[in-house]
Structures are given as structure tokens and as C-alpha cells.
Amino acid sequence: MNLLKQVWSWFGSIAISFILVVFLGVFVFQSTKVMGHSMDPTLHDSQRVYVSKLSHTFNYEPKYEDIVIIDSRVDLKRTFKNDLLDSPLISLFTKGDDRHVWIKRVIGKPGDQLELKDDKMYRNGALLDEPYINEAMKANGNKKWTVPADHIFVMGDNRNNSMDSRVIGYIPLDHVLGKKLF
């Protein structure tokens, strides 16, 4: 009987710890790994970064130049189930595929007029000062975008090697999963 009580006590402690870690990972804080070279030279392939999930939990709009974690499946309506399945701890058990989780930099916010002209980015008519980019952009022609309400426009720092809003479109604010802390 004593052994059964002890096993039950251990099981309860482990279950509470598991729930607490999942809660923290979904709503407060998590780590993630950079996959690919789209954020070079700022972030490198396989680098581990730590993310505040509070912006997602409380629907904060990110600031210009914030490095954010996004769900690149922009046509998917995100639900709480998506948040749970994207949790690193849950994905260990579900064999989740996290290739849809990207790390990018915020370039445009709702209402912004963005223009790619002569291989340079402009926001609302002003040339962006972007000391963090890997190398000068080599774009095929000039393009313009107007960021719709409740969306942002993101780009990788390695502009010539990045899948970002230029390809997948605007990112709904509920697809911003967190902001890089360090």
C-alpha cells in the first residue's frame, strides 16, 4: 500500500510538472531552433533562440524591426489546438512538423505602404536603414505592397535567400507566435 501511495505521488508530481511546462511553452516562453540561413547574419542555422509568447497570448502588435516567430501557413485559421501542437514538449510526442514556424523581421505594420525600388526597401516613402541585412538585395523589378489591417509584413535579413512576405503574403497578427528575446 505504501508503494502504491509513493508511485501515485510521483505520478501526480510528474503530471503537474508536465502541465506547467506545456502552459509556459504555449502562453509565456519557449525556445526554438533556427532552420536555414534566411536570417543570416543576425541568426544562424541551428542556433537556439528564446521567445516571449506574451505578444501572442495578449495579441500585442510587434514593433518595427522586431524578430518574430510566425506560422507561415497564412491561409490557415489558427486555433488553440495549433498553439498546443506547436508547443515543443507536445511535439515530442506527436511527431509534429515545425517547418511552418519561421523566424523573420517585421518590416511593415497595418496601413504601411511598402515599396521595393532599385533593390532598396521603402516604408511610407522613406528609405529603410537596415544595417542588419546580409547583403544588398537583388530584386527582380520594383514592387509595392499596402499592409492590410490586422496583418504585418516580414522579411528575412538574408534578403536574397529568404522565403517571406514577398512570397507568402501578409502575416495575420494571430500568426505571430512570439518575439525573440535572446
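1. A salt bridge is taken here as a side-chain nitrogen of Lys or Arg within 4 Å of a carboxyl oxygen of Asp or Glu. In that sense the side chains of R166 and D164 form a salt bridge, with 2.8 Å from N to O. R166 counts as partly exposed because its relative accessibility is 25%, where partly exposed is the range between buried (under 20% relative accessible area) and exposed (over 50%), computed with a 1.4 Å probe and with protein chains only. D164, by contrast, is buried, with a relative accessible area of 0%.

2. On provenance, the model is predicted, and local features need pLDDT of at least 70, side-chain atom pairs count only at pLDDT 80 or more, and totals for chains, interfaces and linings use all residues. Residues are numbered from 1 along each chain as its sequence is written, and side-chain values use heavy atoms, with hydrogens and water left out.

3. As to the overall fold, the protein has five helices and eleven strands, these being DSSP runs numbered from the N terminus (helices H or I with at least four residues, strands E with at least two). The C-alpha trace spans about 75 × 30 × 25 Å along its principal axes, and 38% of the 182 residues count as buried. If contact means heavy atoms within 4.5 Å, then among contacts between residues at least 6 apart in sequence, 68% join residues at least 24 apart.

4. For the surface, the protein exposes about 10,800 Å², of which carbon and sulfur atoms supply 59%; the areas come from the Shrake-Rupley method with a 1.4 Å probe, and for residues only the protein chains shown count as cover. The charge count is 24 positive and 22 negative, and the mean positions of the two sets are 5 Å apart. In this count Lys and Arg are positive and Asp and Glu negative, while His and the chain ends are not counted; each charge is placed at NZ of Lys, CZ of Arg, CG of Asp or CD of Glu.

5. F18, I19 and F93 make a nonpolar surface patch of about 340 Å². Patches are built from residues with over 30% relative accessible area and no salt bridge, with like charges joined within 9 Å and nonpolar side chains (Val, Leu, Ile, Met, Phe, Trp, Tyr) within 5 Å. I19 is placed in helix α1, which covers residues 2-27, and I19 counts as exposed at 58% relative accessibility.

6. F23 also belongs to helix α1 and, at 43% relative accessibility, counts as partly exposed. The C-alpha atoms of F23 and L84 are separated by 8.9 Å, although their positions lie 61 residues apart along the chain as a sequence separation. At the start of the chain, M1 sits in the segment before α1 and counts as exposed, at 81% relative accessibility. M1 and F153, which are 152 residues apart in sequence, are 61 Å apart in space from C-alpha to C-alpha.

7. Three backbone details deserve a check, given that most residues other than glycine have a negative phi and most peptide bonds are trans. The peptide bond from D40 to P41 is cis, with omega near 5 degrees, and P41 lies in the loop between β1 (29-33) and β2 (48-52). N59 has a positive phi, near 55 degrees; this residue is found in the loop between α2 (54-57) and β3 (67-71) and counts as exposed at 61% relative accessibility. N124, likewise not a glycine, has a positive phi of about 50 degrees, is placed in the loop between β6 (120-123) and β7 (126-127), and counts as partly exposed at 47% relative accessibility.

8. Returning to charge pairing, the count comes to eight salt bridges. One of them joins E130 and R159, at 2.8 Å from N to O. E130 lies in the loop between β7 and β8 (143-146) and R159 in the loop between β9 (151-155) and α5 (165-168), so the pair ties together parts that are 29 residues apart in sequence. Both E130 and R159 are buried.

9. D71 and R78 form a further salt bridge, with their closest N and O atoms 2.6 Å apart, and both of these residues are buried.
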